[in-house]
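Q: I'm new to this one and I'd like to learn how to read it. Could you walk me through it?

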Amino acid sequence: MKCEKCVEAGQKSRVNSHGGMSTLMGYSPYYDEDGVYHHHDGNRKTNHYSCSKGHHWVEVGTKACPAEGCDFGGVFERREIDDPRVGYPARSFYNDSGSLRIGQSEVIPMAVDRTDGSDGDA
Ligand SMILES: [Zn+2]
Ligand SMILES: [Zn+2]
C-alpha cells in the first residue's frame with residue numbers, strides 16, 4: 001500500500017497501519033450447491049492508516065468472500081481524514097449512513113518521520 005496523496009505529489013512515504021475495528025454482526029459461512037465454501041462476513045471493517053508525510057485516512061469495507069467467482073465484499077473505500085491536528089481519533093469510524101462517528105477523544109500521535117528513510121529500511 002502507498003499513500004495516494006504522496007503518489008499524486010510524487011513523494012515517497014512510509015505507511016503506518018494503526019489497526020482497525022469492525023461492526024459485530026453475526027453471520028454463518030456456508031457451502032453452496034456445488035460444495036464451494038462461502039464466507040459472507042457483512043461486517044464493515046474500518047482500517048486506519050497514516051503516512052510519514054502526515055496524511056491520514058481510513059479504509060472502509062467488507063472482507064472478500066474467498067470463493068472463486070463470488071463478488072461478495074472485497075471493496076474497500078478510501079476516505080481522507082482532513083484533520084489538521086496531529087493525531088486523529090483512534091475510535092472514529094464511519095457509520096452506515098456514511099458520516100464519521102467519533103466515539104472517544106483518544107488520539108494516536110502521528111509518527112512523523114523527519115529523517116525520511118534513513119533508518120535502514122531496505
Ligand atoms: Zn502521504
Ligand atoms: Zn461467496
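Q: Let's start with confidence. What pLDDT does the protein average?
A: Keep in mind that this is a predicted model, and pLDDT is the predictor's confidence in each residue. Here the protein averages 76, with 66% of the residues scoring at least 70.

Q: Where is confidence lowest, and where is it highest?
A: The low end is strand β10 (residues 107-108), with a mean of 43, while strand β3 (residues 37-38) is at the top with 97. Take a look at residues 84-95 too: pLDDT stays under 50 there, and the model has 34 contacts for them beyond four places in sequence. Residues 102-113 are also below 50, and that stretch has 27 contacts in the model beyond near neighbours in sequence.

Q: How many helices and strands does the protein have?
A: You'll find one helix and 10 strands. Follow the chain along its sequence and the helix comes up before the strands, in the pattern α-β-β-β-β-β-β-β-β-β-β.

Q: How do I read a sheet, and what strand order does the open sheet of four strands have?
A: The general idea is that strands of a sheet pair through backbone hydrogen bonds, either parallel or antiparallel. In this open sheet the order is β1-β4-β5-β6, and the pairing is antiparallel. At the edges sit β1 (15-22) and β6 (76-80), each of which pairs on one side only. On average, neighbouring strands of this sheet are turned by 20 degrees against each other, if you ignore direction.

Q: How many bridges join β1 to strand β4?
A: Six bridges do, and β1 and β4 (residues 45-51) run antiparallel. For one you can trace yourself, go to S22: its bridge partner in β4 is K45.

Q: Now a single residue. Where is the place of M25, and is M25 buried or exposed?
A: M25 is in the loop between β1 and β2 (30-31). To judge burial, count C-beta neighbours inside 10 Å: a residue with 12 or fewer is exposed. M25 has 9 of them, so it counts as exposed.

Q: Which residues does M25 touch, not counting those up to four places away in sequence?
A: M25 touches G42 and N43. You can also check R44, which is 19 residues from M25 along the chain; the C-alpha atoms of M25 and R44 are separated by 9.0 Å.

Q: What about the whole protein: what percentage of the residues count as buried?
A: Of the 122 residues, 10% count as buried. As for contacts with a separation of 6 or more, residues 24 or more positions apart account for 39% of them.

Methods: Residues numbered from 1 in each chain as written. Chains lettered and ligands numbered in written order. Predicted model: local features only at pLDDT ≥ 70, side-chain atom pairs only at ≥ 80, totals over all residues. Pairing = 2+ DSSP bridges. Helix = DSSP H or I, 4+ residues; strand = E, 2+ residues; numbered from the N terminus. Axes fitted to C-alpha atoms, helices over the stretch in contact; angles between N-to-C directions. Buried ≥ 20, exposed ≤ 12 C-beta atoms within 10 Å, placed from the backbone. Contact = placed C-beta atoms within 7 Å. pLDDT = per-residue confidence, 0-100.
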